[in-house]
Amino acid sequence: MNARVVLTLVALLSAGPAWAQSKGQLRIPEFSALSEKASETVTVTLDANLLGMAARFLSNEDPEQAKAKKLVSSLTGIYVRHYTFDTDYAYPKGDIDGVRRQLNAPGWSRIVGAVSKKENTTVDVFVLIDGEKAQGLAIIASEPREFTIVNIVGNIDLEQLHDLEGNFGVPDLEIDTGKKPAPAKPPAPVKPPAPAKPN
Amino acid sequence: MNENFEDELRRRLRAVDAPEGFAERLMAALPAERKSTVVAFVPKAAHPARHFGVPAALAASLLVAVFLGVRVANDREIEQQKGIAASQQLMQALRVTSQKLDLAYEAVNSPPTAGDEENRS
Amino acid sequence: MSFSATQPMPDSLLAQARAGDRDAFATLVRAHQGSVFSIGLRMLSRRDAAEDLAQDVFLQLYRKLESIESLEHLGFWLRRVAANLAIDWLRRRPYSDTQPLEEGAEIAAQEVAEDPLMSRELMRLLGELAPHPRAVMLLRYQEDRDVAEIAAMLDMPVNTVKSHIKRSLTALRGQMIGAKLIDCEELP
């Protein structure tokens, strides 16, 4: 292998986030300063490897986990930043706007946009459609004392997302039909197991 | 959610008595003395091979096998811990996702009030 | 040695139990056995499993008394361990037996003598909730714990606890109305 080819490969491999990022993946700031101010923080960064590892440790017998296992089988990343504060608007809107701007890129469509001036709440749900498949999902929710960014990457089965209703409380948004959502269904029945002595 | 239904739930969900004799059966099952057990590692004799008549090379390779076995077991345990942590993170991520979709759903389903914009789905 | 509901237990009881006083430990057990057993019963829907679970919880307590800081912490610790142990059991053991309907009324509070049908149906519906929301509802309405405590006990965000409560109440109420056990006008 000559030096020129080696240099090209090295350049490609060290190209940084743009190369490493999958389609549908957003650049989400770390918000490390905010973690210290927040009363509650949820930070999840699961790439394809970690998702695969996580799925192996989910139980097929727990209905919630079984559904999660099915959903993540075709995903390549799940990224969540969720912060709760004790005072209103303790977070910089500018950083969130930076994430929103990425969703103006071609392919992304906003499928739900809800603003409540009374509650000062904004929730936007975006989907990246590539061909006929959803390859990315983004949710940006800002409330006076909370903000949340969710980015799900990969082959997203919107029907499976519907199936989570009742287990994770995911509502039936009927995203693909564009109709108004149906009322929430009650949780799926879970039959009690036959108990046995613990180990 | 109305308070009457919640009060009814509280009434019907008040704790019931444990079975007759539960405490006695439990106390009978307790160990005689409540002290922590300490397992002390006792090193083997200096020359196990000579002591048991096992050739030194075989003894050495057995020790290496045990060491590697312990190391593999440790690595497996670390891997398992990573996997469990990742699965817990995954479930938490999905719960947060569902909550926020829930918020969107409520906004979509609530009748618009003055000052609110309509859902634009 | 026993204490009534109006007579609080002395803090020294915990220290005595740690020092090996079995009577003191038995007193602590009797004070909390109803709650721990009831969590097991309503999570696992079987009395025998609930007793096994309760015994496990108190055996763990016996081994870990040194880590209990106060009587208040004891109450928190027992409910946390009971709920999480029950969730763990439900996850690991496949469903293979139905809970007899006759037991449903027994699982409800014994003093609620009237309308056993409603109690039975409520317990059945509770048993149909997934493990986490079921545990949340029990800690809230059986144990009267607040949202922050429940979040700490089950290691979940506060908003998740609130969401579980809201959705479970909606589901339970809706199904009770659907089964004509409550009138939607009676509970406005």
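Q: In this predicted model, with which residues is A86(C) in contact, leaving aside its neighbours within four places in sequence?
A: A contact here requires two C-beta atoms to lie within 7 Å of each other. Once the neighbours within four places in sequence are left aside, the residues in contact with A86(C) are I39(C), G40(C), M43(C), L44(C), L53(C) and A135(C).

Q: How many residues does the largest nonpolar core have?
A: In soluble globular proteins, nonpolar side chains tend to be buried together. In this model, L53(C), A54(C), V57(C), A82(C) and A86(C) have the most contacts inside the largest nonpolar core. The number of residues in this core is 59.

Q: Which helix gives the most to this core?
A: The leading contribution to the core amounts to 12 residues. It comes from chain C, and the element in question is helix α2 (residues 22–44).

Q: From which domains of chain C does this core draw at least three residues each?
A: The core is not confined to one domain, since it takes at least three residues from each of two. These are domain 1 (1–97) and domain 2 (104–188) of chain C.

Q: How many residues does the second, separate core have?
A: This second core includes V42(A), L71(A), V112(A) and I139(A). It is separate from the core described above, and its number of residues is 50.

Q: Is L13(C) buried or exposed?
A: L13(C) has its place in helix α1 (residues 12–18) of chain C. The cut-off for burial is 20 or more other C-beta atoms within 10 Å. Because L13(C) has 20 such atoms within 10 Å, it is buried.

Q: What distance separates the C-alpha atoms of L13(C) and L28(C)?
A: Apart from residues up to four places away in sequence, L13(C) touches A24(C), T27(C) and L28(C). Along the chain, L13(C) and L28(C) are 15 residues apart. Their C-alpha atoms are separated by 7.8 Å.

Q: What percentage of the residues of chain C count as buried?
A: Chain C has 9 helices and 0 strands. Among its contacts between residues at least 6 apart in sequence, 59% join residues at least 24 apart. Of its 188 residues, the share that count as buried is 46%.

Q: How many bridges join β4(A) to strand β5 (residues 133–143) of chain A?
A: Strand β4 (residues 121–130) of chain A is mostly covered, as 7 of its 10 residues are buried. On one side of the pairing, strand β3 (residues 108–116) of chain A is joined to β4(A) by 8 bridges and runs antiparallel to it. β4(A) and β5(A) also run antiparallel, and the number of bridges joining them is 9.

Q: Which residue in β5(A) is the bridge partner of V125(A)?
A: In the pairing of β3(A) with β4(A), V115(A) stands opposite T122(A). In β5(A), the bridge partner of V125(A) is I139(A).

Q: Which residue takes a positive phi in the hairpin of β4(A) and β5(A)?
A: This hairpin has 2 residues between the strands. The residue with a positive phi, near 70 degrees, is G131(A).

Q: Which element of chain B has the lowest mean pLDDT?
A: Where pLDDT is low, the predicted coordinates should not be read in detail. Chain B has a mean pLDDT of 69, and pLDDT stays under 50 over its residues 36–53. Helix α2 (residues 22–29) of chain B has the highest mean among the elements of the chain, at 92. The lowest, at 42, belongs to helix α3 (residues 48–52) of chain B.

Terms used: Residues are numbered from 1 along each chain as its sequence is written. Chains are lettered from A and ligands numbered from 1 in the order in which they are written. This is a predicted model: local features need pLDDT of at least 70, side-chain atom pairs count only at pLDDT 80 or more; totals for chains, interfaces and linings use all residues. pLDDT is the predictor's confidence in each residue, from 0 to 100. Helices (H or I, at least four residues) and strands (E, at least two) are DSSP runs, numbered from the N terminus. A residue is buried if 20 or more other C-beta atoms lie within 10 Å of its own, exposed if 12 or fewer, and partly exposed in between; C-beta atoms are placed from the backbone. A nonpolar core is a set of buried Ala, Val, Leu, Ile, Met, Phe, Trp, Tyr and Cys residues joined through C-beta atoms within 7 Å. Domain bounds come from an automatic or database domain assignment. Two strands pair if DSSP finds at least two bridges between them.
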